[in-house]
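Here are some exercises to work through with the viewer open. Try each task on your own before you read its solution.

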Amino acid sequence: MPNFELMPIGVFAQRSGLTSSALRFYADSGLLPPAEVDPVTGYRYYSAEQVARASALRRLREIAMPLTAVEAVLDAEPGEAVRLIDEHVTEVVEDAVTVQQKAALIKSSLADVPSRPIATLKGPVLAEAIEQVLTATAREPGMPVLGGLRVEAAPEAVALTATDRYRLSTRTLVPVGPAATTWAATVNGDDLRATATEIRRSAQVRVEATPHGVWLRMADREDQHCRLLSEEFPDHRMMLASLPEATARVMVSKNALLRALEEHPGERITLRVTHHGMSVLTTGAHHPEVPLPATVTGQELQISFELTTLYPAVSTAIGPDMMLDLRAADQPVTIRSADRGDLTTCAMPIKPDHSA
């Protein structure tokens with residue numbers, strides 16, 4: 001006779017959220033054997049202690065984890081289990097991106113629409129620009145356009161722009177020859193990241209557009225396809241045009257500022273600009289601020305940023321020296337190279353109460 005502290009399979013199914021047929025399958029596979037099986041009737045009984053394992057098994061299967069991986073997670077220590085789950089999620093996401101890309105290719109071939117030449121760019125320069133500008137993207141539910149790269153081609157230049165609403169980064173590239181046409185669209189940022197390595201290894205890349213994507217044609221490598229995003233890109237030109245004139249300009253070493261940001265103990269950075277230079281404020285009593293050699297013109301100012309906003313804007317700047325155009329404590333700062341203006345980043349500060 002079964003132990004009355006055990007529960008029959010039907011009751012256990014309700015407690016665990018698994019069906020009776022699923023429980024039989026998991027028992028046969030060795031993942032969740034019953035605590036006891038009646039030798040006469042063959043009825044299966046489970047203990048209350050097995051509910052947690054059964055519930056975890058169900059949740060792991062809900063995220064499409066294969067049985068072998070499920071068993072490894074269930075039997076692992078918490079830290080190892082977390083690592084295995086993260087590894088599985090990464091694989092699922094990568095597979096989903098691959099499927100989306102292949103689906104876009106299939107749809108493009110079904111439409112049988114010829115591609116439209118846009119511009120030819122130097123591969124290493126294009127790859128560098130993509131990686132620099134994409135630092136200003138974000139994955140935000142309901143706003144996929146914030147993960148995209150706006151591409152605007154004109155006869156003499158191709159502009160790449162991205163924004164996560166706290167940063168706006170834009171870089172202008174000179175095509176190998178005059179752009180074939182005037183064209184603008186927002187390209188999927190993840191697709192571009194995946195192609196950056198191939199682009200960098202190609203001397204020249206010919207950009208061609210279709211209604212739903214762009215082709216990156218390379219003479220010595222396989223062509224790459226990136227999807228377009230249909231959502232409207234934020235009006236970055238109006239935002240840039242509406243910025244007031246700078247009230248202070250700072251010329252500072254990129255490496256010196258980066259080092260100060262990396263050594264700063266906090267998550268928020270405050271810059272103090274005076275006529276004598278610029279310093280990074282800290283919370284330490286012995287070292288209240290870190291002075292940086294800088295040339296300052298204009299008004300004195302104190303401005304604060306989230307580290308996650310300011311650091312990428314500084315690290316992607318071109319050249320050894322940077323120019324910071326400051327307006328006010330609550331206005332965006334413009335960051336660019338001191339001698340090259342083809343990459344510009346605007347970073348939003350935080351208010352004294354640390355709100356964005």
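**Exercise 1. Strand partners**

In which sense do β12 and strand β16 pair, and over how many bridges? Then find a further partner of β12 and describe the two faces of the strand.

Solution. Keep in mind that this is a predicted model.

Step 1: Select β12 (residues 248-253) and β16 (residues 294-298). The two strands pair in the antiparallel sense over 5 bridges, and Ala 248 stands opposite Gly 298 in β16.

Step 2: Look for another partner. Strand β18 (residues 321-326) runs antiparallel to β12 and is joined to it by 6 bridges. Here Arg 249 stands opposite Asp 325.

Step 3: Walk along the side chains of β12, which alternate. Ala 248, Val 250 and Val 252 point to one face and are buried, while Arg 249, Met 251 and Ser 253 point to the other face and are not buried.

**Exercise 2. A helix and a sheet**

Which residues of helix α9 are buried, and what covers them? Place the helix relative to the sheet that contains β15 and β14.

Solution.

Step 1: Start where α9 (residues 254-263) begins. A side-chain oxygen of Ser 253 comes to within 3.4 Å of the backbone nitrogen of Asn 255.

Step 2: List the buried positions of α9: Lys 254, Ala 256, Leu 257, Leu 258, Ala 260 and Leu 261. Their cover includes β12, β18 and α10, together with β13, β14 and β15.

Step 3: Trace the sheet. It is open, has 4 strands in the order β15-β14-β13-β17, and pairs antiparallel. β15 and β17 are the edge strands, each pairing on one side only. On average, neighbouring strands are turned by 25° against each other, direction ignored.

Step 4: Check one pairing inside the sheet. β13 and β14 share 5 bridges in the antiparallel sense, and Thr 270 has Leu 281 in β14 as its bridge partner.

Step 5: Add the helices. α9 packs on the sheet by touching β13, β14 and β15, and its direction makes about 170° with that of β15. α10 also packs on the sheet, touching β13 and β17, with its direction at about 100° to that of β17.

**Exercise 3. Cores**

How many residues make up the largest nonpolar core, and which element supplies the largest share?

Solution.

Step 1: The largest nonpolar core has 32 residues; Leu 126, Ile 130, Leu 149, Leu 160, Leu 192 and Ile 199 have the most contacts inside it.

Step 2: Assign residues to elements. Among those that supply at least two residues each are α6, α7, β5 and β6. The largest share, 5 residues, comes from α6.

Step 3: Zoom in on Leu 126. Beyond its neighbours within four places in sequence, Leu 126 is in contact with Leu 121, Leu 160, Leu 173, Ile 199 and Val 205.

Step 4: Another core, of 28 residues, lies apart from this one and includes Val 252, Val 296, Leu 310 and Ala 317. As a general pattern, nonpolar side chains in soluble globular proteins tend to be buried together.

**Exercise 4. A serine**

Is Ser 169 buried or exposed? Find its side-chain polar contact with Thr 345.

Solution.

Step 1: Ser 169 lies in strand β7 (residues 167-173).

Step 2: Ser 169 counts as buried because its relative accessibility is 2%, and the cut-off for buried is under 20%.

Step 3: The side chains of Ser 169 and Thr 345 are joined by a polar contact of 3.3 Å. Other residues in contact with Ser 169 include Gln 132, Leu 160 and Leu 343.

Technical notes: Residues are numbered from 1 along each chain as its sequence is written. This is a predicted model: local features need pLDDT of at least 70, side-chain atom pairs count only at pLDDT 80 or more; totals for chains, interfaces and linings use all residues. Side-chain values use heavy atoms; hydrogens and water are left out. A nonpolar core is a set of buried Ala, Val, Leu, Ile, Met, Phe, Trp, Tyr and Cys residues joined through side-chain atoms within 4.5 Å. Buried means under 20% relative accessible area, exposed over 50%, partly exposed in between (1.4 Å probe, protein chains only). Contact means heavy atoms within 4.5 Å. Two strands pair if DSSP finds at least two bridges between them. A polar contact is a pair of N or O atoms within 3.5 Å; within protein, one must be able to donate a hydrogen and the other to accept it, and residues adjacent in sequence count only if both atoms are side-chain atoms. Axes are lines fitted to C-alpha atoms, for helices over the stretch in contact, and angles run from 0 to 180 degrees between N-to-C directions.
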